[in-house]
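Please open the model in a viewer and keep the selection tool at hand. The tour below proceeds stop by stop, stating what to select and what is found there.

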Amino acid sequence: MAREIAIEIYLLGFKVLFSIFKLFPLREKTTFVTSFGDNCQHIAEEMDRQDLPIQKVLLIKSSSHIHVKDDGKTIVLPFETKHIPAMIRSIYHLATSKWIIMDNYFGFLSAVTFKKPVSRVQVWHAAGAVKKFGAKDPSIVDRSPRARKRFLSVYQQFDYVTTGSDKMAGIYQESFQLPDSHIIRTGIPRTDFFFNESAKQDARRALLTKYPELENKKIILYAPTFRNADLNSGKVALDLDLLYRELQKENYAVLLKLHPAVTAEHDVMHQFPGFVYPVTGDFHVNELLVSTDLLITDYSSIPFEFSILQKPMIFFAYDLQEYEEERGFWEDYESSMPGPIVTTTEELLEKIRTADYQLEKVEPFKQKWNQYSNGDSSRNLVDFLFPKK
């Protein structure tokens with residue numbers, strides 16, 4: 001109840017300020033609201049490449065992995081309630097921009113009404129979907145009727161949603177309760193990285209600069225999806241001790257990429273020297289994927305983009321039944337994943353030793369989810385939003 005009251009007070013304050021600032025004229029300005037960063041960064045960089053006469057404003061959550069400079073033409077502000085002056089400026093920019101680009105669900109959208117010429121674009125943070133979300137999220141039934149109405153009203157603020165495939169377009173229609181006319185098949189901006197050889201080489205170089213000993217090792221990336229129970233415990237389900245004993249002498253190394261929301265510290269580099277490297281806050285996951293020889297994950301969206309590189313994956317789904325009951329899946333998990341599914345570290349080791357990766361599944365998976373992501377996604381979106389006159 002207290003949380004609900006706090007949300008209502010926040011939204012009321014946001015609405016009042018937005019309504020005042022809406023009295024000012026709209027300007028040739030694009031405001032990005034980002035809690036992930038990568039899609040927004042690629043779009044902003046494409047706008048710079050095309051030298052568009054449009055001011056950029058980036059409202060950045062603390063979780064956002066984005067690198068931009070506040071240079072006047074581009075304005076960068078922290079989008080956090082604890083930064084009150086920055087928050088007030090942020091609301092002004094939201095109310096006076098002709099284009100709004102966002103990469104996540106943002107509750108403030110339920111409290112504001114934009115002027116009709118404004119284009120609101122959702123560049124969702126996943127290229128595909130394993131778990132149900134939005135209007136199809138099973139947890140929505142646990143919300144109060146008022147909270148449920150507010151939750152669903154956010155999705156009605158999306159004029160456009162970018163997608164990399166017809167499959168994901170259908171999921172967006174169900175999740176956001178939008179018609180197909182609101183879905184634009186531009187591809188996913190951040191996947192442009194996988195078609196940029198120079199950027200991939202830079203990413204590889206950055207990893208080896210920090211960990212030069214990895215240059216000749218076979219790199220396993222373990223990137224599990226977020227679980228609420230692991231928020232503070234930082235539990236690692238893989239038996240790292242067993243992997244260390246079995247694989248360390250065979251020139252393997254494990255990069256440990258936990259979800260950014262997990263705050264627990266891990267001293268695994270000292271426990272497993274030369275074998276386990278925690279990389280949660282150091283690199284964006286796509287930067288790690290170019291150096292990854294084998295991906296181990298579970299219900300994450302990472303495989304959708306990793307499939308572009310056509311490398312092997314193993315799905316360590318040790319809590320499959322429990323997780324499916326809690327979150328719900330779009331498809332049958334066991335038949336749709338592009339690699340073997342295991343439930344124990346022992347099974348995983350067996351797959352590695354026999355190289356039983358089911359690679360024949362990767363190409364169809366890639367085509368299914370990356371249909372429109374071909375290296376020009378950022379340009380496609382910028383051209384759509386800012387057509388040349």
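Rings of Phe, Tyr and Trp (for Trp, the six-membered ring) are taken as a pair if their centres lie within 6.5 Å; planes under 30 degrees apart count as stacked, those over 60 as edge-to-face, and the rest as tilted. The model on display is a predicted one. By this rule it holds 38 aromatic pairs.

**Stop 1: an aromatic pair between two loops**

Select Phe-79 and Phe-106. Their rings form an edge-to-face pair, 6.5 Å centre to centre with 75° between the planes. Phe-79 belongs to the loop between β3 and α3 (84-96), and Phe-106 to the loop between β4 and β5, so the pair ties together parts that are 27 residues apart in sequence. Are these two residues buried or exposed? Both Phe-79 and Phe-106 are buried.

Keep Phe-79 and add Phe-108. The ring centres of Phe-79 and Phe-108 are 5.7 Å apart and the planes stand at 75°, so this pair is edge-to-face. Phe-108 lies in the loop between β4 and β5 while Phe-79 lies in the loop between β3 and α3, so parts 29 residues apart in sequence are tied together. The cut-off for a buried residue is under 20% relative accessible area. Phe-79 has 3% relative accessibility and therefore counts as buried; Phe-108, at 3%, counts as buried because of that value.

**Stop 2: a cluster of rings and two charges**

Next, select Tyr-105, Trp-124, Phe-133, Phe-151, Tyr-155, Phe-158, Tyr-172, Phe-176 and Trp-330. Ring pairs link these residues into a cluster. Add Lys-132: its charged end sits over the ring of Trp-330, 5.7 Å from the ring centre. Then add Arg-143, which lies over the face of Phe-151 at 4.0 Å from the ring centre.

**Stop 3: the sheet**

Switch to a cartoon view. In which order do the strands of the open sheet run? The seven strands follow the order β3-β2-β1-β4-β5-β6-β7, with parallel pairing. At the edges are β3 (74-78) and β7 (183-184), each of which pairs on one side only.

Select strand β1 (residues 27-34). Six of its eight residues are buried, so that the strand is mostly covered. On one hand, β1 pairs in the parallel sense with β4 (residues 97-102) over five bridges, and here Arg-27 has Ser-97 in β4 as its bridge partner. On the other, six bridges join β1 to the parallel strand β2 (residues 55-60), where Val-57 is the bridge partner of Thr-31. Now add helix α2 (residues 38-49): together with β1 and β2 it makes a right-handed β-α-β unit.

Move on to β4 and β5. Strand β5 (residues 119-122) pairs with β4 in the parallel sense over four bridges. Trp-99 stands opposite Ser-119 of β5.

**Stop 4: helix α5 and a residue distant in sequence**

Select Lys-167, in helix α5 (residues 166-176). Its relative accessible area is 31%, so Lys-167 is partly exposed. Which residues does Lys-167 touch, leaving aside those up to four places away in sequence? They are Glu-331, Lys-368 and Trp-369. Add Asn-370 as well: the C-alpha atoms of Lys-167 and Asn-370 are separated by 9.4 Å, although the two residues are 203 residues apart along the chain.

**Stop 5: helix α13 and the loop that follows**

Select Lys-351 in helix α13 (residues 345-354). Its side chain makes a polar contact of 2.9 Å with the side chain of Asp-356. Not counting residues up to four places away in sequence, Lys-351 touches Ile-314, Pro-340, Val-342, Asp-356 and Tyr-357.

Finally, inspect the backbone of the loop. Most residues other than glycine have a negative phi. Ala-355, located in the loop between α13 and α14 (362-369), has a positive phi of about 55° although it is not a glycine. With 49% relative accessibility, Ala-355 counts as partly exposed. Gln-358 is placed in the loop between α13 and α14; its phi is near 55°, a positive value in a residue other than glycine. Gln-358 counts as partly exposed, at 22% relative accessibility.

Definitions and conventions:
Residues numbered from 1 in each chain as written. Predicted model: local features only at pLDDT ≥ 70, side-chain atom pairs only at ≥ 80, totals over all residues. Heavy atoms only, no water. Buried < 20%, exposed > 50% of the residue type's maximum accessible area, 1.4 Å probe, protein only. Pairing = 2+ DSSP bridges. Right-handed = clockwise from strand over helix to strand, strands pointing away. Polar contact = N/O pair within 3.5 Å; in protein donor to acceptor, adjacent residues only side chain to side chain. Contact = heavy atoms within 4.5 Å. Lys NZ or Arg CZ within 6 Å of the ring centre and 35° of its normal.
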